[in-house]
Amino acid sequence: MNTKTLFYIAKRVLLAILTVWVVITVTFFVMHAVPGGPFLGEKAISPAAQAALEAKYGLDKPLGEQYITYLKDIVTKFDFGPSIKQRGRDVVDIIGDGMKTSAKLGLIAAFSALAVGVVLGSVAALRRNKLIDRIIMVVTTAFVSMPSFIMGSILLLVFSTMLGILPANGETAKGLILPIITLALYPTAYITRLTRSSMLDVLGQDYIRTAKAKGVSGVKIIFGHALKNSLIPVITYFGPMLAYIVTGSLVVERIFAVPGIGRDFVNSITNRDYPLLMGTTIVLATLVVIMNLVGDILYKVVDPRINLE
């Protein structure tokens, strides 16, 4: 790895750290600027009790001091403080418990979408304008156009209500099948179309025609040259997509009652649980930043011809 590549990686890491700091700062001050407070929902709470609760959670201190303390706890101890509504539990523990399910759900859906999407996209490109290509394009267009909550509702109605072959509750291993399918359909369709478009472009390049003229086998051309080079746009999409699936499955988790981080995030909004809301937002945003960083670095691994600047 040369000096230029190392400098690029270092620059991207510093930029990622700066982005995370901006997310923490904006999240903190926006949450504290929201009208009302986390204790307004408490029944018949007296001013003295409210003052005691604010003192307990450090909300009675000046805003600047709260910010410095909050930032210091995150950086030094990765501590987002205790949850206001889930008494006796720390935000980190709540997020960790939710991520166990959400990460498993998202990773399976993401890599399933990648595998199926690349295969279907390659088949569509190699059979351009044939019947199989048209069928794949029609189906993927439908899946790209359909929101996940509609697809999830349809799958729930068909396989759980009408056929009764899969549970509607996502708290069991079998119950995660429908959420995984729901999460994977859109990225599968998008990766399929992206792979097809990219491979058609690669197949039209001069070096592919030269390889064919030299008598290189079709299998070697496809897997040794065309497929590898056509994966660069897919990698561009896969990093953020993986983060989105893991962190953005809020609606799907609600539909299938999956005990993941999405349920905690939604509950933190409705319950005005500010520490949990801020912690979840920061963790999810950081995951997106990290996956974008990894995707940028992987460009060089897939295609050494790319110049990193």
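**Helix 7: its packing partners and a pocket lining**

Helix 6 and helix 7 cross in a right-handed sense. Their axes come within 9 Å and cross at roughly 145 degrees. This geometry, like everything reported here, comes from a predicted model. On the helix 6 side, the contact is made by S148, M151, G152, L155, L156, F159 and S160. Helix 7 contributes L178, I181, T182 and L185. By class, seven of the contact residues are nonpolar and four are polar. None is charged.

Helix 7 (residues 177–203) also packs against helix 4 (residues 91–126). Here the angle is about 35 degrees, and the axes lie 6 Å apart. This crossing, too, is right-handed. The contact of helix 4 with helix 7 comprises 20 nonpolar residues, six polar ones and one charged residue.

Helix 7 takes part in a pocket as well. The second largest pocket holds about 240 Å³ of space. Its lining consists of 19 residues. Closest to the pocket centre are S148, T182, L183, Y186 and Y244. Two of these names recur from the helix 6 contact with helix 7: S148 of helix 6 and T182 of helix 7. Two or more lining residues come from each of helix 5 (131–145), helix 6 (148–162), helix 7, helix 10 (232–247) and helix 11 (250–255). The largest share belongs to helix 7, which gives five residues. In class, the lining divides into 15 nonpolar and four polar residues. Charged residues are absent from this lining, as they are from the contact of helix 6 with helix 7.

A separate site concerns the start of the link to helix 4. F78 lies in the loop between helix 3 (63–77) and helix 4. Is F78 buried, exposed or partly exposed? Its relative accessibility is 48%, so F78 counts as partly exposed; the exposed class begins over 50%. Leaving aside neighbours within four places in sequence, F78 is in contact with D73, V92 and V283. V92 is 14 residues from F78 along the chain, and the C-alpha atoms of F78 and V92 are separated by 7.9 Å. V92 falls within the residue range of helix 4 (residues 91–126).

Key:
Residues numbered from 1 in each chain as written. Predicted model: local features only at pLDDT ≥ 70, side-chain atom pairs only at ≥ 80, totals over all residues. Heavy atoms only, no water. Axes fitted to C-alpha atoms, helices over the stretch in contact; angles between N-to-C directions. Helix = DSSP H or I, 4+ residues; strand = E, 2+ residues; numbered from the N terminus. Left-handed = near helix turned anticlockwise from the far one by under 90°. Nonpolar A, V, L, I, M, F, W, Y, C, P; charged D, E, K, R; others polar. 1 Å grid on protein atoms, 1.4 Å probe; cavity = no way out; pocket = protein on both sides within 12 Å on 5 of 7 lines; lining within 4 Å. Points joined across faces, edges and corners; volume = space filled by probe spheres on them. Contact = heavy atoms within 4.5 Å. Buried < 20%, exposed > 50% of the residue type's maximum accessible area, 1.4 Å probe, protein only.
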